[in-house]
Amino acid sequence: MRNPVEGWSKPQLAEFLAFVSSFTEEKSAMRGGVERAAEVLDAEVGALVRGGSVEASIGFASAEVPEEKLLAVASGGGYAVEVLGLGTCVAAAAALDDGQNGQLIVARCGDDAFSQEALDLLRGMAGVLALVLKMLRALEGERSLRERSGHEIGERRKAEQQLAHQTIHDVLTGLPNRTLLRDRVEHALERSKRDASTVGILFVDLDDFKAINESLGSPVGDRLLVQVAGRLGETLRSSDTKARFGGQTLSCWGGDEFVVLCENLNSEQNAIRVAERIAAALAPPFLLESSELRITASIGIAVTSAGQSTRDELIHDADTAMHRAKERGRDRYEFFDADLRARVVGRLNLERELGQAIGCDDLRLVYQPIVSLADGGVVGVEALVRWQHPERGLLAPAEFIPLAEESQLIVDLGTWVLEEACRQSARWQQPDPDRPSLRVSVNLSARQLTDALPEIVGNALRRTGVHPTRLWLELTETLLMETAQSATDILAALRALGVRIALDDFGTGYSSLNYLQRFPLDILKLDRSFISRLGSEPSAFMIVAATIDLGRALGMSVVAEGVETPEQLQCLRDLDCHFAQGFHFARPQRPEAIPDLVSGRLPSQDPNQPPP
Ligand code: C2E
Ligand code: CA
Ligand code: CA
């Protein structure tokens, strides 16, 4: 937590500490008076602007407070002090709300309003005041406990622990309170800056709680809150929620307001999922006083990635969104950012549909030939996934793979692709043993590269009877980087099956030669960006030439991707590149078209023809 007095000068600190210690000494004497003072201010000045720190709220009287009111405050127990060079203020400080909340009320004598700097300073004071109040409560608790019990030391420890617990937990529900939550948010934001993760805040406010409290009485209301806290905690603690949506902190913000901090959200959609779980947890009726009670909640969501927001902004945004949810009819969630909401909901729907598409017939594979430059024959095909969306038509992988990669969906999708590609490969199986069979290349995403992968691949091969050497798996450098620790073992296990490994998009990532040495790789796929610059940029030519040499030296085959022109093809032939792939030879094709391609009948190349 930020030190509230950070940035204060020594004289400022000295002055404030003097103020605080006088407050400490006389606090019991002044308590009643100050409460009155606060009342006077509240009643007379009307709605005070509230803000400031967690446990100490700070009320500012406007500059128009007439002097006699200020005097009334002062004579009621407040302090007329020269605070921190801000001129004479009337400061009234007290432990209000039966000792739970400290309040610092400051009214200014004179005409000028407080400057922003002064406001910041006063908020800082409020923070310090909160600490002082905690100390006071600690002393008080300790004293009373000591009076009651002979086991002084043990009791004192207990009291201290209790106190430490109490100051950061809600008394009724036992959940973390605002102080602890804000502290956790602060840390979460710091972490998210480091690892560019997403932090979300869900501000949960029960609908019509006030009516329940008033009609059934606050003891019943309290019991309801405890039950609500229990259900929310249970849902969020479940290992499933944790595994899917990262870690959460459930806190009681006060009254019937709960705030959930979600770390490592992975994607904004997951904030919605957490909100949906909360709504689902509240849905079954609550049993109170032998009657059933139904309750809903309005939820405001604010998310940040890479920590663009500060702690207080984020919480405030979620609060604002919660109020919007109330305005729009309650029992719903709203995002702080309406555009974000539209995007997130759209993505969420697409994700749901994609989940269904995997089970149905809506996904399909197209295959792009990979050609040997030595004799022009088709040696293999790369399987590329397409989604026949019921409303949006045929979707290219760029429109749904990144989405699938945000969740476990990519694993299901990837497994489907692998099995389908193997099934298709088996159908193409060459009956003539003298002719080498077609190889099928399948793209893998990072999340698929787990210990389970060798078994998944092994199963697909066994089930379809495809020979392992006919399967190529394409990985990218970024993928290897993300999973570097375990990747070596997984790749070794795949290789042990007999499968070949290709490094895809070579040249676009870090292109560290390190990877080429460190991982067991068979094929290098040289990225399209180099091939498209061949012939126009000498540096591209040099890079392509060097990469082909390098691949050869390491015993790898090189595939040039994205060959579109005869000039590029000629260049690659001159450089003795092994294989090539690109629109110049063929666009990705439906599986039915592949046998003709293999027997040498390439389809006529119309450059305007859209890829399937
Ligand atoms: P990639 O692995 O680099 O696949 C090659 C992409 O380049 C394909 O795009 C292909 O249609 C396109 N392409 C091929 N030749 C040419 C050419 O001469 N000129 C141009 N401009 N483009 C060419 P596609 O099918 O849209 O796939 C895009 C990316 O989506 C793939 O890039 C791959 O990273 C990913 N992807 C496709 N299918 C799968 C899959 O089943 N699983 C996973 N994890 N990723 C996939
Ligand atoms: Ca690829
Ligand atoms: Ca590629």
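Let's start at a metal site: along the sequence, the residues that donate to the calcium ion (ligand 3) are spaced D-D-x55-E. The model shown here is a predicted one, and this site is a good way into it.

## A pair of calcium ions

Which residues coordinate the calcium ion (ligand 3)? They are Asp504 (OD), Asp505 (OD) and Glu561, the last of which appears with OE twice, and the distances run from 2.1 to 2.6 Å. The two aspartates are worth a look one at a time. Aspartate 504 is buried, because its relative accessible area is 6%, and buried means under 20%. Aspartate 505 is partly exposed, with a relative accessible area of 26%.

Aspartate 504 also has a second partner. It bridges the calcium ion (ligand 3) and the calcium ion (ligand 2), and these two ions lie 3.8 Å apart.

The calcium ion (ligand 2) has its own set of protein donors, namely Glu382 (OE), Asn443 (OD1), Glu474 (OE) and Asp504 (OD), at 2.1 to 2.3 Å. Along the chain, the donors of the calcium ion (ligand 2) follow the pattern E-x60-N-x30-E-x29-D. Glutamate 382 belongs to strand E14 (residues 378–389) and glutamate 474 to strand E17 (residues 471–476), so this pair ties together parts that are 92 residues apart in sequence. Both glutamates are out of reach of the surroundings by the accessibility criterion: glutamate 382 is buried at 4% relative accessible area, and glutamate 474 is buried at 1%.

## The chain as a whole

Stepping back, the chain has 21 helices and 21 strands. It holds 612 residues, and buried residues make up 50% of them. How many of the contacts between residues at least 6 apart in sequence join residues at least 24 apart? The share is 67%.

## Two helix pairs

Two packed helices are described by the angle between their axes and the distance between the axes. The table sets out two such pairs.

| Helix pair | Angle | Axis distance |
|---|---|---|
| H5 (residues 178–195) and H10 (residues 311–327) | about 115° | 9 Å |
| H6 (residues 209–216) and H7 | roughly 135° | within 6 Å |

For the H5 and H10 pair, the axes cross at an angle of about 115°, which makes H5 roughly perpendicular to H10. H5 passes H10 in a right-handed crossing. On the H5 side, the contact is formed by Leu181, Arg182, Val185, Glu186 and Leu189, and these meet Arg311, Asp312, Leu314 and Ile315 in H10. By class, the residues of this contact are 5 nonpolar, no polar and 4 charged.

For the other pair, the axes of H6 and H7 cross at roughly 135°, and that makes H6 oblique to H7. Here Phe209, Ile212, Asn213 and Leu216 in H6 meet Ser218, Val220, Gly221, Leu224 and Leu225 in H7. The contact of H6 with H7 has 6 nonpolar, 3 polar and no charged residues.

H7 spans residues 218–237 and also contains glycine 233. Is glycine 233 buried or exposed? Glycine 233 is buried, with a relative accessible area of 7%. Its C-alpha atom is separated by 9.2 Å from that of serine 251, which is 18 residues away along the chain.

## Loops to look at

Most residues other than glycine have a negative phi, and most peptide bonds are trans. Against that background, two loop residues stand out. Alanine 196 has a positive phi of about 50° although it is not a glycine. Alanine 196 sits in the loop between H5 and strand E6 (198–206), and it is exposed, with a relative accessible area of 56%. Aspartate 208 likewise has a positive phi, of about 60°. The loop between E6 and H6 is the place of aspartate 208, which is partly exposed at 47% relative accessible area.

A third loop residue is cysteine 577, found between helix H20 (566–574) and strand E21 (579–580). Cysteine 577 counts as buried, at 5% relative accessibility. Leaving aside residues up to four places away in sequence, cysteine 577 touches Leu373, Ile548, Val558, Ala560 and Leu572. Threonine 547 is 30 residues from cysteine 577 in sequence, and their C-alpha atoms are 9.6 Å apart.

Note on methods:
Residues are numbered from 1 along each chain as its sequence is written. Chains are lettered from A and ligands numbered from 1 in the order in which they are written. This is a predicted model: local features need pLDDT of at least 70, side-chain atom pairs count only at pLDDT 80 or more; totals for chains, interfaces and linings use all residues. Side-chain values use heavy atoms; hydrogens and water are left out. Donors are N, O and S atoms within 2.8 Å of the metal (3.2 Å for Na, K and Ca); water is not among the atoms, so sites may look incomplete. Buried means under 20% relative accessible area, exposed over 50%, partly exposed in between (1.4 Å probe, protein chains only). Axes are lines fitted to C-alpha atoms, for helices over the stretch in contact, and angles run from 0 to 180 degrees between N-to-C directions. Helices (H or I, at least four residues) and strands (E, at least two) are DSSP runs, numbered from the N terminus. Angles under 35 degrees count as roughly parallel, over 145 as roughly antiparallel, 65 to 115 as roughly perpendicular and the rest as oblique. A crossing is left-handed if the near helix is turned anticlockwise from the far one by less than a right angle, and right-handed if clockwise. Contact means heavy atoms within 4.5 Å. Ala, Val, Leu, Ile, Met, Phe, Trp, Tyr, Cys and Pro count as nonpolar, Asp, Glu, Lys and Arg as charged, and the others, Gly among them, as polar.
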